[in-house]
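Student: I would like to go through this structure with you and ask, for each label we use, what justifies it.

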Amino acid sequence: MLPMPRYLIPACLLCLILLLGLVLPARVAATGADTPIPVPWVDVGPVIDGDLSDWPSVPLLGLDAASAAHVEGLPPWPTASDASMELRLLWDADYIYVAMQVQDDVLVNDSGAAVWQDDEIELGFDGDHNAAGRDQYDHQFTFNPDGRITDFAQPTTALTAVITATVDGWLVEAAIPQALFRPVPFDDGALIGFTFALRDDDDGGAWDHKFLWRGLSTNSFWEQFGTLQFRRGSILTSTVLRVGSNGYRQMVDSWINAFAPTTNYSPDPILQARSVGQAAALFQFDFSPVPTGAEISQAVFQLHTLDRSNANDATFSVYGLRRYWAVQDVTWQQAAAHSPWGAPGASSPTLDRFSTPTASTRVEALDLDYQWDITSLVRQWHRHPTTNFGFLLTGEDGFHVAYAFASSENATPVLRPQLAITYTYQLTTPTPIPTSTPTPFRGTPTPTSTPTLTPSPTPTPTLTLSPTPTIPPTPTATPTPQSLAIENSLPAVCNSSFDGSTIAWPARVSRYTPCRPEWDETGPEAIYRLVLSDPTTVAAKLYYDLNQGDLDLFLLRGPDPAACLQGSDATLSPQLLDAGDYYLIIDGYQGAAAPFSVQLQCTVQLSPQNYLPLISH
C-alpha cells in the first residue's frame with residue numbers, strides 16, 4: 001500500500017490562504033462578551049521595586065500579534081521576541097497591582113510628550129463598569145521604557161510604578177489606588193472594565209505596530225472592553241493553552257510516519273494519525289500559566305480535523321509518553337538525535353509510552369473539533385513537572401484511514417491544538433524578598449511615584465535605551481570567574497530525575513564565557529558530576545518556579561567555566577559526549593537561588609563490535 005501524501009490540504013486552498021495573509025493590511029478578531037478575568041486577593045501586596053520574585057504564581061494575560069483582538073500597522077507582524085507582553089494582576093484592600101513584562105529587541109523613546117509614538121504599554125479602565133466614558137472613574141494609563149507615565153496622555157503621579165529595562169525588553173510594576181475607580185473600596189465580586197495594549201516602535205518617529213487585548217482602543221469603545229472580577233478566597237477558573245491564544249507559546253507538536261521512518265514533520269501545518277498505529281501525532285504542553293498549587297478539576301484536549309484519506313472512521317487514543325523527545329529531531333525511528341525509540345513509532349509500553357490509553361475518541365467527520373479528557377495525565381504533570389514528556393495520539397482499530405488535524409503551525413489560530421484546563425486555586429500571602437530599596441512601597445494610603453522615575457514633560461534624548469539593554473546588578477566590574485566547588489559535587493545518574501536547591505551552595509562563578517558570555521550568573525551553583533564510561537548522547541531538562549528565582553542549566557567538560565559545552569534557560573539539547581567526567585551546573589541568574597528538578601536522559605552509543613550476533617533457534 002502506498003503511503004498517504006504528506007499534505008492533505010488542496011494546493012489551491014493553501015495558496016488562497018497565503019494570498020489573503022499577504023494582502024490584508026490589518027487583522028481584527030471578533031469581539032464580544034468575555035468571561036470575567038478573576039483577579040486574586042492578597043493580604044499584603046508585593047513590593048513595588050521592579051523585582052517580580054515576590055509575586056505569587058498567578059495566571060498570565062498574554063499579548064502578541066497572534067493573540068491580539070485587534071492589530072494596527074502593516075504586515076509583516078513582529079515576532080514575539082520583537083513585540084509581546086505578559087500581564088499579571090493582584091488586589092488588596094487599597095490597591096490594584098499590575099506586573100507587565102515586555103519582550104522587545106529595540107527600545108525607542110524619541111517622541112517627548114507624544115508618548116503614543118514610542119514603545120508603550122496602555123492600560124484602559126472603565127472603573128465604574130458602565131461601558132461608557134470618559135467619567136472621573138475611567139482612566140487610560142500609559143508607560144514608556146524611559147519612565148514616562150501618563151493618564152489620558154497627561155503626566156500623572158496618582159499611581160506608584162517602577163519601570164526597568166531587562167535583557168530582552170522591559171518591565172513595569174505598579175500599584176494603582178482603588179479610589180481612582182470607585183468611591184468606596186472594592187468588595188468580593190466587584191467588576192470593572194479593562195483592556196490593555198502594546199505599541200512597538202523599532203525605527204524612531206511614529207509607532208510601527210499596536211496590539212490590543214480586547215476591543216479597538218484603550219480610551220474609547222468602552223463597551224468592547226474585557227472585564228476584571230476581584231475575588232477573595234478560592235477561585236474557580238479555566239484557561240485555554242493554545243499557541244497564539246492569550247500569548248501562549250510553550251507547546252510543541254509533530255507527527256511520525258511509518259511510511260517515512262526517518263522524516264521529521266515538526267514544521268507542518270498538519271498532524272497525521274493513522275489507524276492500526278501506522279502514524280502518530282506527538283504533543284507536549286507547558287503548564288506554567290496554571291498557578292503552582294492549583295487543583296485541576298478537568299483537562300480536555302481538542303483537535304480539529306482537516307482532511308482524511310478515505311471515508312472510514314476510526315478510534316484515536318491518547319497515550320502518555322515515558323521519555324524525552326526532541327520536536328526538531330523526532331521521527332518514526334528516533335525520539336531525538338542519536339536516541340532511538342525503544343520500539344519504532346514510540347510503541348514500547350515500557351520504554352516509550354504507557355501501556356494503556358488515557359482517553360479514546362471516535363473520529364468520523366471533517367472540519368469538526370474532537371476532544372479527549374486527559375485530566376489524570378495533566379494532574380500528574382502539574383504536580384510533578386519532571387514527568388511531563390507529553391503524549392501521543394494514534395489510531396487503534398483495523399479500518400485503514402488517516403486523518404489530518406491542524407497543528408500548532410496552522411495559519412488559523414482557532415484551529416490549532418488546545419488544552420482547556422479548569423482549576424481551583426487560592427493564593428497565600430507572598431513572603432517579601434529583601435531588596436535594596438530603603439522604604440519599600442506596601443500600599444500606603446497616599447502613594448507617590450518613585451522619585452527617579454517621575455515622568456518629565458520633555459524627556460532628554462539621552463534617555464533612549466540601547467537596542468539590547470542590560471541592567472547590571474551593581475556598578476562594580478564583573479568578578480573574574482573561579483573554579484567551581486566540585487569537592488561538593490553530587491552524582492548525576494543517567495535516565496533519572498533528581499530534585500535539589502541552589503540555596504545552600506557556594507557562589508563562585510559568574511560567567512560561562514564559551515556558552516553564555518552575556519548571562520550574569522552570580523547566584524550559587526549546584527553541581528552534579530556525570531561519569532560516562534562509553535560515548536553517550538546526553539540531554540537534560542531543568543524545572544523550577546520562576547517566581548522563586550531565575551535558574552539556568554549548564555553542561556561542562558570539566559570544573560572550569562571555560563569548559564562549558566552548553567547553557568540554557570531550561571533544556572540542554574541532545575549532545576554526543578565521549579567517555580569521561582562531565583558536570584551539570586544549576587546556577588542563578590543575577591544572584592537567584594531556588595529549588596529545582598532535573599531530568600537527565602542518556603543513550604549509550606555502542607560500536608558495532610560491542611553488539612552480540614543474533615542467534616536463531
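**Sheets, disulfides and salt bridges**

Tutor: Let us begin with an open sheet of 5 strands, whose order is β29-β31-β36-β33-β34 and whose pairing is mixed. The edge strands here are β29 and β34, each of which pairs on one side only. This is a predicted model, in which local features need pLDDT of at least 70 and side-chain atom pairs count only at pLDDT 80 or more, while totals for chains, interfaces and linings use all residues. Residues are numbered from 1 along each chain as its sequence is written, and side-chain values use heavy atoms, with hydrogens and water left out.

Student: What makes β29 and β31 a pair, and in which sense do they run, parallel or antiparallel?

Tutor: Strands are DSSP runs of E with at least two residues, helices being runs of H or I with at least four residues, and both are numbered from the N terminus. Two strands pair if DSSP finds at least two bridges between them. Between β29 and β31 there are 2 bridges, and these strands run parallel, so the pair satisfies the rule of at least two bridges. Within this pairing, leucine 490 stands opposite tyrosine 528 in β31.

Student: Which strands form the open sheet of 4 strands, and which of them are the edge strands?

Tutor: The order in that sheet is β30-β37-β32-β35, with antiparallel pairing. Its edge strands are β30 (496–501) and β35 (571–577), because each pairs on one side only. From one strand to the next the twist averages 20°, where axes are lines fitted to C-alpha atoms, for helices over the stretch in contact, and angles run from 0 to 180 degrees between N-to-C directions.

Student: How do you know that β32 and β37 pair?

Tutor: Strand β32 (residues 536–543) and strand β37 (residues 595–604) are joined in the antiparallel sense over 8 bridges, and the rule asks for at least two, so they count as paired. Tyrosine 543 stands opposite serine 597 in β37.

Student: Why is the link of cysteine 494 and cysteine 602 called a disulfide?

Tutor: A disulfide is a covalent bond between the sulfur atoms of two cysteines. The criterion applied is a pair of cysteine sulfur atoms within 2.5 Å, and cysteine 494 and cysteine 602 have an S to S distance of 2.1 Å, so the pair qualifies. This pair links distant parts of the chain, with cysteine 494 in the loop between β29 (490–491) and β30, and cysteine 602 in strand β37, 108 residues apart. The angle about the S-S bond is -75°, and the link is left-handed.

Student: Are cysteine 494 and cysteine 602 buried or partly exposed, and what decides it?

Tutor: Buried means under 20% relative accessible area, exposed over 50%, and partly exposed in between, with a 1.4 Å probe and protein chains only. Cysteine 494 has a relative accessible area of 27%, so it is partly exposed, whereas cysteine 602, at 9% relative accessibility, counts as buried.

Student: How many disulfides does the structure hold, and how are the bonded cysteines paired in sequence order?

Tutor: The structure holds 2 disulfides. In the other link, cysteine 515 and cysteine 564 have their sulfur atoms 2.0 Å apart, and both of these cysteines are buried. The link of cysteine 515 and cysteine 564 is left-handed, with -115° about the S-S bond. When the bonded cysteines are numbered in sequence order, the pairing is 1-4, 2-3.

Student: What makes the contact of aspartate 581 and arginine 529 a salt bridge?

Tutor: A salt bridge is a side-chain nitrogen of Lys or Arg within 4 Å of a carboxyl oxygen of Asp or Glu. The side chains of aspartate 581 and arginine 529 meet at 2.4 Å, N to O, so the criterion is met. Aspartate 581 lies in strand β36 (residues 580–588) and arginine 529 in strand β31, so the pair ties together parts that are 52 residues apart in sequence. Aspartate 581 is partly exposed at 26%, and arginine 529, at 35% relative accessibility, is also partly exposed.

Student: Which residues are joined into one network by salt bridges that share partners?

Tutor: Glu120, Glu122, Arg199 and Lys210 are joined in this way. By the same rule, the count comes to 12 salt bridges.
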